[in-house]
Amino acid sequence: MKILFAGGGTAGHINPALAVAGTVCEREPDASVLYVGAKGGMEERLVPKAGYEFKSVTISGFQRKLSWANVKKNVKTAVHLFTSTAEAKKIIQEFQPDVCVGTGGYVSGPVIREAMKLGVPALIHEQNAFPGVTNKALSKKAAYTMLAVADAQKYLPPEARCVLTGNPVRPAVLRASREEARKKLGLDSRPLILSFGGSLGARRVNEAAADLLAWSIRQGRFQHIHAFGQWGRWFPGLLREKGVDLAAHPEIDVREYIDNMPECLAAADLVICRAGAITLSELQAQGRASILIPSPNVAENHQYHNAMALVNRGAARILEEKDLSGGALCAMVEELFADPATIPALSENAKKMAILDANDRIYRLIRDVLASRGK
């Protein structure tokens, strides 16, 4: 099998492609994989590191806010739309894939569109509850449109051939045991709150978390792990201003980045985080109660829709950034732990939403497409 993946811009588009590529190579060791991404995108670093051949096209996204600087960027983007199509066509003709898989992001548009024009069957994967513009357009002619959340189908064209597959989840998350994780982290019997705003950090989340940590210390009822992110290195100073002495409170673990997320998720009782698609799939896989704070700075406000998919099923609570404050966050945490049945109910409902065999489902669809073409 020769399979081409296209997608990028964020880890949410890249990691699903890498997970599926891993499954394909595991099942078919002689498979040939090529990943096409944006020149200068994070995929340019992550894909070769994962061991796959990588080729790039020059492309950028349109800026939606009106300004003279953005007008100039959009002119350049329009030019890139033409040049990237030619670049994609050349790559496809040289590689001669049997099938293509697009995982979203603006780079997947010209690559998957050109593949379909050249007669190569394509599948696309939508990680979010609200589909992106690129996937909406591609879904009309894709062999399959694979959905992480069933809610996404109502936003897609009627001709889209939709199949619910879920989001690929890291094996380490699936394997992590609550009992072993809590023992390894040195936790006692008190509930553990885990909070983070992403690898870069989110100012509003960090500011509210600082108030929550100060409140938590006064309460003495919780253990807490918080990651402030690359852009939040001011966070420990803010805690000191609020009278928090971390050295005197070993139950509070504050760090820049969580590099053992599978363990932390498994050990947590409540998770406070953004509503990125892959993060939510991992919460569901572990069956974790959560307070979701959707980022308002994403295309089509898709994190809000992601969060509401859980909220509407009794699997999470939402606290929108416009309503976010330290006081509001403390009040929500207090309310969730006030009734001993609430956290377990949220956890159970999250677990019910989990799709744990997403990689296998996607692999079977790829094989189905190839079989229909006698391959």
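**View 1. Thr145 of β6 meets its bridge partner in β7, Cys162.** This close-up comes from a predicted model, as do the views that follow. The two strands shown here, β6 (residues 144-147) and β7, run in the parallel sense and are joined over three bridges. As a reminder for the eye, strands of a sheet pair through backbone hydrogen bonds, either parallel or antiparallel.

**View 2. Stepping back, β6 and β7 belong to an open sheet of seven strands.** Follow the order β3-β2-β1-β4-β5-β6-β7 across the sheet, and you will find parallel pairing. Which strands sit at the edges? They are β3 (53-57) and β7 (162-164), each of which pairs on one side only. From one strand to the next, the twist averages 25 degrees.

**View 3. Two helices, α1 and α15, are shown where each lies across strands of the sheet.** Helix α1, made of residues 11-27, lies across β1 (2-6), β2 (32-38) and β5 (122-126). Its direction is at about 175 degrees to that of β2. Helix α15 covers residues 358-372 and lies across β1, β4 (99-102), β5, β6 and β7. Here the angle to take note of is the one with β6, again about 175 degrees.

**View 4. Thr103 is the centre of attention in the loop between β4 and α4 (108-117).** Is this residue buried or exposed? Thr103 counts as buried because its relative accessibility is 2%, and buried means under 20%. Look for the polar atom of the Thr103 side chain that lies 2.7 Å from the backbone oxygen of His13. Leaving aside residues up to four places away in sequence, Thr103 touches Ala6, Gly7, His13, Ala17, His125 and Gln127. His13 therefore appears twice in this view, once for its backbone oxygen and once in the list of contacts.

**View 5. Cys25 and Cys100 are two cysteines without a disulfide.** How many disulfides does a search of the whole structure find? The count is zero. For Cys25, the nearest cysteine sulfur is that of Cys100, 15 Å away. Seen from Cys100, the nearest cysteine sulfur is that of Cys25, at 15 Å. A disulfide would need the two sulfur atoms within 2.5 Å. The surroundings of the pair are worth a look too: Cys25 is partly exposed, with a relative accessible area of 24%, whereas Cys100 counts as buried at 0% relative accessibility.

How values were computed:
Residues are numbered from 1 along each chain as its sequence is written. This is a predicted model: local features need pLDDT of at least 70, side-chain atom pairs count only at pLDDT 80 or more; totals for chains, interfaces and linings use all residues. Side-chain values use heavy atoms; hydrogens and water are left out. Two strands pair if DSSP finds at least two bridges between them. Helices (H or I, at least four residues) and strands (E, at least two) are DSSP runs, numbered from the N terminus. Axes are lines fitted to C-alpha atoms, for helices over the stretch in contact, and angles run from 0 to 180 degrees between N-to-C directions. Contact means heavy atoms within 4.5 Å. Buried means under 20% relative accessible area, exposed over 50%, partly exposed in between (1.4 Å probe, protein chains only). A polar contact is a pair of N or O atoms within 3.5 Å; within protein, one must be able to donate a hydrogen and the other to accept it, and residues adjacent in sequence count only if both atoms are side-chain atoms.
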